[in-house]
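Got the viewer open? Here is a short tour of what to select, stop by stop.

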Amino acid sequence: MSLASRFSCLHGHDPDSLTVEQARAFIHSQLRPRLAGECVALRGALGRVLARDLIAPCNVPAADNSAMDGYALRHADLDDVGTTSLRVVGTALAGRPCAGAVAAGECVRIMTGAVPPAGCDTVVMQEVARVDGERVLIPGGQRKGQNIRLAGEDLALGRPALAAGQLIRPAELGLVASLGFAEISVFRRLRVAFFSTGDELCPIGAPLAEGEVYDSNRYTLFGMLRRLGCDLLDLGVVGDDPQRLAETFRQAAAAADVVISSGGVSVGEADFVKPLMADLGEVLFWKIAMKPGRPLAFGRIGGAAGNADGGAWVFGLPGNPVAVMVTFYQFVREALYRLMGADPLPLVPLLPAVCEHGLKKAPGRSEYQRGILSHAAGGWRVRPAAAQGSGILRSMTEANCFIVLGHERGPVAAGDVVEVQPFDGLI
């Protein structure tokens, strides 16, 4: 079934003004990972996606051990209420166990990570014990088994430690290392080709001619894609020349899993992207009920006509710099993670915050205003960053969050609670 047929099956959509949620849901419904796996050294797996379930080949920890410095003893020797005096007969260190068993009325000094001697089932922290020569005084009220980490309580032998689709972050690196793996199987990196379109764009380092602007979109796209760990193919700036655009799209689709362009998806006389994409594959062009970022293209190019399972996925983003970033984070980021084989990685949770200033907003579209989030007087507060125009990239550098105003929301009064999407962890 073609993309257009699948899209037409959606209930209640308006092709002239889709909601953000409708567009996002449709995009995600079409994507399936198809990347091959490869084995990499553990440090090289950071930011990659696990290709196969990782089964624990051992217990972690490998043996019962002390969770803190103190004294290992037999709980049966302790007085439930009063103080108990025990003789200290040795010391157990991490990696250097204390030889022999502990008899009734005895204990050993033990350090964090050390294995308790045979017979010891409890560790009392050193802060509550009182040393009296070769003996130690233990107060009542100690719980049997306290302060002992059991073998396999973190990871159990033969059980799944990580599931395929897990993004490998610093914590996952440490977990894999704790199992002794020097290398693991991950999906190959997603290949993404990207370029900007427009005769008005000038490469950085060159002098501007009249009417030209420097191409910033490729650099924000580079940064956003590099943060996701993609292999990148930068195809530069492509002017408003249909033949050159067509050749660039063919080159990109042949070399990459995903193609991202910026600009040329509106309705201007020089916006050639729409007809070209239709000739080269199957692409849906939407007007999204959002600000900034209304025009958006999504589909596939390079495959057989009408075949939505061949070729490269394509995202045609708007040309305005802020709109590029907003549409990337609201649509493309999660889609790329899905294609990487990662488990669903939703955007950072929306955080409620008190808005310090009134905001203009008309119902019927979602808006992503740039805001400055702070914590004061016991709660989160947000105020809009400078100018909010979709061409004012400075607003993204001054802000630390999106103020997310939902589809049906109207104007915001000072003191109203709004939802914000922090940049930290997103951008």
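Start by selecting helix 4 and helix 7: in this predicted model, the two cross in a right-handed way. Helix 4 covers residues 217-227 and helix 7 covers residues 321-339, and their axes come within 11 Å, crossing at roughly 30°. Angles under 35 degrees count as roughly parallel, and helix 4 and helix 7 are therefore roughly parallel to each other.

Now show the side chains where they meet. On helix 4, pick Asn 217, Thr 220, Leu 221, Met 224 and Leu 225; on helix 7, pick Pro 321, Val 324, Met 325, Phe 328, Tyr 329 and Leu 336. What kinds of residues make up this contact of helix 4 with helix 7? Nine are nonpolar, two are polar and none is charged.

Next stop: the sheet. Six strands make up this open sheet, with mixed pairing, and you can trace them in the order 16-13-17-21-20-18. At the edges sit strand 16 (231-238) and strand 18 (281-287), each pairing on one side only. Ignoring direction, neighbouring strands here are turned by 15° against each other on average.

Bring helix 4 back into view: this helix packs on the sheet, where it touches strand 13 (191-197), strand 16, strand 17 (258-262) and strand 21. Its direction makes about 165° with that of strand 13.

Then add helix 5 (residues 242-255), which lies across strands 13, 16, 17, 20 and 21 and runs at about 180° to strand 16.

Last, zoom in on strand 20 (residues 295-301) and strand 21 (residues 312-317), an antiparallel pair joined by five bridges. Select Arg 300 and you'll find Trp 313 of strand 21 standing opposite.

Notes. Residues are numbered from 1 along each chain as its sequence is written. This is a predicted model: local features need pLDDT of at least 70, side-chain atom pairs count only at pLDDT 80 or more; totals for chains, interfaces and linings use all residues. Side-chain values use heavy atoms; hydrogens and water are left out. Axes are lines fitted to C-alpha atoms, for helices over the stretch in contact, and angles run from 0 to 180 degrees between N-to-C directions. Helices (H or I, at least four residues) and strands (E, at least two) are DSSP runs, numbered from the N terminus. Angles under 35 degrees count as roughly parallel, over 145 as roughly antiparallel, 65 to 115 as roughly perpendicular and the rest as oblique. A crossing is left-handed if the near helix is turned anticlockwise from the far one by less than a right angle, and right-handed if clockwise. Contact means heavy atoms within 4.5 Å. Ala, Val, Leu, Ile, Met, Phe, Trp, Tyr, Cys and Pro count as nonpolar, Asp, Glu, Lys and Arg as charged, and the others, Gly among them, as polar. Two strands pair if DSSP finds at least two bridges between them.
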